[in-house]
Amino acid sequence: MSICASAGLVRPEQSAPVASPPVRRCQMTVISFGTRDGVYDRHLAQLAAQCDAFGLRRDLRLIPPASRIAACLQKPAFIREMLECHQQPVLWLDADTRINRAFELPGGRWDLGLVPNTSWRKRRRRPTCAFVIAAAPTPSAHAFLDASAYLCANPGLAPGRTDHSRLTWTREMLDGLYAEINLSRSLHGALTRDPGTRKEKTI
């Protein structure tokens with residue numbers, strides 16, 4: 001069985017596309033997880049405080065200790081689980097993301113929201129970031145996350161080691177089967193990735 005089939009996806013010529021229901025502005029939950037390792041649990045606590053300071057609804061979870069790669073590979077399945085739980089748009093943020101201001105997701109018809117890679121040098125190979133991912137409660141978003149989670153659970157099926165590589169691979173594989181929006185305008189100046197490191201960048 002193909003990856004598309006296992007995730008409940010078919011090519012456009014096999015089925016008429018189904019329009020996603022419109023996403024209403026302001027309804028969202030910020031989600032993330034952090035490992036209980038004395039580092040990412042502290043990042044998660046800081047993220048929680050920032051969400052509260054800016055009035056952002058949140059659902060942040062602690063998970064057992066794991067290597068960085070092992071934790072990263074749990075991300076798509078976690079996003080899918082939270083989407084099912086909340087039945088409204090969710091916004092994944094890496095636990096060490098810094099929130100700089102209040103923000104909201106755009107309305108309209110979309111399944112996934114991403115931002116361009118903050119490194120111009122890496123955009124050709126990995127066009128988008130993986131530290132911020134918005135997902136709407138639509139069949140296409142569920143199927144996208146199922147496919148990405150499947151790749152993360154079966155590392156030999158896709159190149160690279162982390163969820164970022166699987167995100168890129170899933171976008172290419174499912175091109176045309178879901179609606180993706182660029183969140184750069186909505187999130188301009190709102191988020192800083194990897195603060196305090198050489199990768200620090202505010203979108």
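Reader: How do the residues lining the largest pocket divide into nonpolar, polar and charged?

Author: Start by sorting a lining by class, since that tells you what sort of side chains face the space. Here, in what is a predicted model, the lining of the largest pocket splits into 10 nonpolar, 9 polar and 17 charged residues.

Reader: And how much space lies in that pocket?

Author: About 890 Å³ lies in the largest pocket. Its lining counts 36 residues, and the closest to the centre are Arg68, Asp94, Arg193, Asp194 and Lys199. If you'd rather think in elements, strand 1 (29-35), helix 3 (68-72) and helix 6 each give two or more residues to this lining.

Reader: Which element gives the most to the lining of the largest pocket?

Author: That's strand 1, with 4 residues.

Reader: You mentioned Asp194. What is the phi of Asp194, and is that residue buried or exposed?

Author: A bit of background first. Most residues other than glycine have a negative phi. Asp194 isn't a glycine, yet its phi is positive, about 45°. You'll find Asp194 in the loop between strand 8 (191-193) and strand 9 (201-202). Asp194 counts as buried because its relative accessibility is 16%, and the cut-off for buried is under 20%.

Reader: Which loop holds Gln87, and what is the sign of its phi?

Author: Gln87 is in the loop between helix 4 and strand 3. Its phi is positive too, about 55°, and again the residue is not a glycine. With 48% relative accessibility, Gln87 counts as partly exposed.

Reader: Where is Pro89, and is Pro89 buried or exposed?

Author: Pro89 also belongs to the loop between helix 4 (75-86) and strand 3 (90-93). At 5% relative accessibility, Pro89 counts as buried. Here's a handy reading trick: compare distance along the chain with distance in space. Pro89 and Met28 are 61 residues apart in sequence, but their C-alpha atoms are 4.7 Å apart.

Reader: For the protein chain, what share of contacts with a separation of 6 or more joins residues 24 or more positions apart?

Author: Those pairs account for 75% of such contacts. The chain itself has 203 residues, and buried ones make up 48% of them. Its elements are 6 helices and 9 strands.

Reader: How many residues does the largest nonpolar core have?

Author: The general idea goes like this. In soluble globular proteins, nonpolar side chains tend to be buried together. In this structure, the largest nonpolar core has 26 residues, and those with the most contacts inside it are Leu91, Leu93, Ile99, Phe103, Val132, Leu187 and Leu191. Helix 2 (40-53), strand 3 and strand 6 (132-135) each supply at least two residues of this core. Helix 2 gives the most, with 4 residues. Apart from this core lies another, of 24 residues, among them Phe78, Ile133, Phe144 and Tyr178.

Reader: Which residues does Leu93 touch, not counting those up to four places away in sequence?

Author: Leu93 touches Val30, Ile31, Ser32, Leu47, Ile99, Phe131, Val132 and Leu191 on that count.

Reader: How many cavities of 30 Å³ or more does a search of the whole structure find?

Author: There is 1 such cavity, holding about 70 Å³ of space. The residues around this largest cavity are Lys75, Pro76, Ile79, Leu112, Ile133, Phe144, Leu145, Ser148, Asp163 and Leu167. By class, that lining has 7 nonpolar, 1 polar and 2 charged residues. Helix 4, helix 5 (139-153) and helix 6 (163-173) each supply at least two of the lining residues.

Reader: Why is helix 5 described as largely enclosed by the rest of the structure?

Author: To judge how enclosed a helix is, count its buried residues. In helix 5, 11 of the 15 residues are buried, so the helix is largely enclosed by the rest of the structure. Phe144, Leu145 and Ser148 are among those buried residues. You can check the length of helix 5 as well: at 1.5 Å a residue the helix should span 21 Å, and its end C-alpha atoms are 21 Å apart, which agrees.

Reader: How many of the residues of helix 6 are buried?

Author: For helix 6 the count is 9 of 11, so this helix too is largely enclosed by the rest of the structure. Its buried residues include Asp163, Arg166, Leu167 and Arg171.

Terms used:
Residues numbered from 1 in each chain as written. Predicted model: local features only at pLDDT ≥ 70, side-chain atom pairs only at ≥ 80, totals over all residues. Heavy atoms only, no water. Buried < 20%, exposed > 50% of the residue type's maximum accessible area, 1.4 Å probe, protein only. 1 Å grid on protein atoms, 1.4 Å probe; cavity = no way out; pocket = protein on both sides within 12 Å on 5 of 7 lines; lining within 4 Å. Points joined across faces, edges and corners; volume = space filled by probe spheres on them. Nonpolar A, V, L, I, M, F, W, Y, C, P; charged D, E, K, R; others polar. Expected span 1.5 Å × (residues − 1). Core = buried A, V, L, I, M, F, W, Y, C linked by side-chain atoms within 4.5 Å. Contact = heavy atoms within 4.5 Å.
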